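Before reading on, please take a moment to look over the sequence and turn the structure around. The paragraphs below go from the whole to its parts and then to single residues.

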Amino acid sequence: MFMDKKTKQCIQMLRDLVSDVQGAPFPSGELKNELYEIWYEHAQRAAVSCFEYLNDNFPEEQKELEKTIDKMFR
């Protein structure tokens, strides 16, 4: 399967995001706020980077995604 540079970069960014989300600290009474805040900020940066990249490089797909999301909330 041939993948161009944009697709490879997108896949890597999504893998990084999923990895960050999978590494989420388990919520419990013993969870320190500092640990959660560090994880949350890291995951948010990865998510924002992914969305910006997708919007910049795959605009047609973004339009379809927006339509799908709109349908979910009707």
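**A walk through the structure**

Of the 74 residues in the protein, 18% are buried. The model is a predicted one, and the mean pLDDT of the protein is 77, with 78% of its residues reaching 70 or more. That confidence is not spread evenly along the chain, for it is highest in helix 2, at a mean of 83, and lowest in helix 3, which covers residues 59-72, at 68.

The secondary structure comes to three helices and zero strands, so that someone reading along the sequence meets the pattern α-α-α. Among contacts between residues at least 6 apart in sequence, 60% join residues at least 24 apart.

Consider helix 1, which runs over residues 5-22. Helix 1 has 18 residues and reaches 26 Å from its first C-alpha to its last, close to the 26 Å expected at 1.5 Å a residue. Which residues of helix 1 are buried? They are Cys 10, Met 13, Leu 17 and Asp 20, and because these buried residues fall within an arc of 85° when seen down the axis of helix 1, they line one face of the helix. The spacing can be understood from a general rule: an α-helix has 3.6 residues a turn, so residues three or four places apart point the same way. On the face of helix 1 turned away from the buried side, the reader will find the exposed residues Lys 8, Arg 15 and Gln 22.

What do the buried residues of helix 1 pack against? Their partner is helix 2, which spans residues 33-57. The 25 residues of helix 2 should span 36 Å at 1.5 Å a residue, and its end C-alpha atoms are 36 Å apart, so the expected and computed values agree. The buried residues of helix 2 are Trp 39, Ala 43, Ala 46, Ala 47, Cys 50 and Tyr 53, and helix 1 is included in what covers them.

The packing between these helices can be followed at the level of single residues. Leaving aside residues up to four places away in sequence, Met 13 touches Ser 49, Cys 50 and Tyr 53. Met 13 also belongs to the largest nonpolar core, which has eight residues in all, the others being Cys 10, Leu 17, Ala 46, Ala 47, Cys 50, Tyr 53 and Phe 58. The elements that give two or more residues to this core are helix 1 and helix 2, and the largest share, four residues, comes from helix 2. A general tendency is worth recalling here: in soluble globular proteins, nonpolar side chains tend to be buried together.

Two members of this core, Cys 10 and Cys 50, invite a further question: how many disulfides does the structure hold? The number is zero. Cys 10 is in no disulfide, and the nearest cysteine sulfur, that of Cys 50, is 7.0 Å away, whereas a disulfide would need the two sulfur atoms to be within 2.5 Å. Cys 10 counts as buried because its relative accessibility is 10%, and Cys 50 is likewise buried, with a relative accessible area of 5%.

Finally, consider Ile 11, which also lies in helix 1. Because its relative accessibility is 30%, Ile 11 counts as partly exposed. Ile 11 and Cys 50 are 39 residues apart in sequence, and their C-alpha atoms are 9.6 Å apart in space.

Methods: Residues numbered from 1 in each chain as written. Predicted model: local features only at pLDDT ≥ 70, side-chain atom pairs only at ≥ 80, totals over all residues. Heavy atoms only, no water. Buried < 20%, exposed > 50% of the residue type's maximum accessible area, 1.4 Å probe, protein only. Core = buried A, V, L, I, M, F, W, Y, C linked by side-chain atoms within 4.5 Å. Contact = heavy atoms within 4.5 Å. pLDDT = per-residue confidence, 0-100. Expected span 1.5 Å × (residues − 1). Arc of directions from axis to C-beta.
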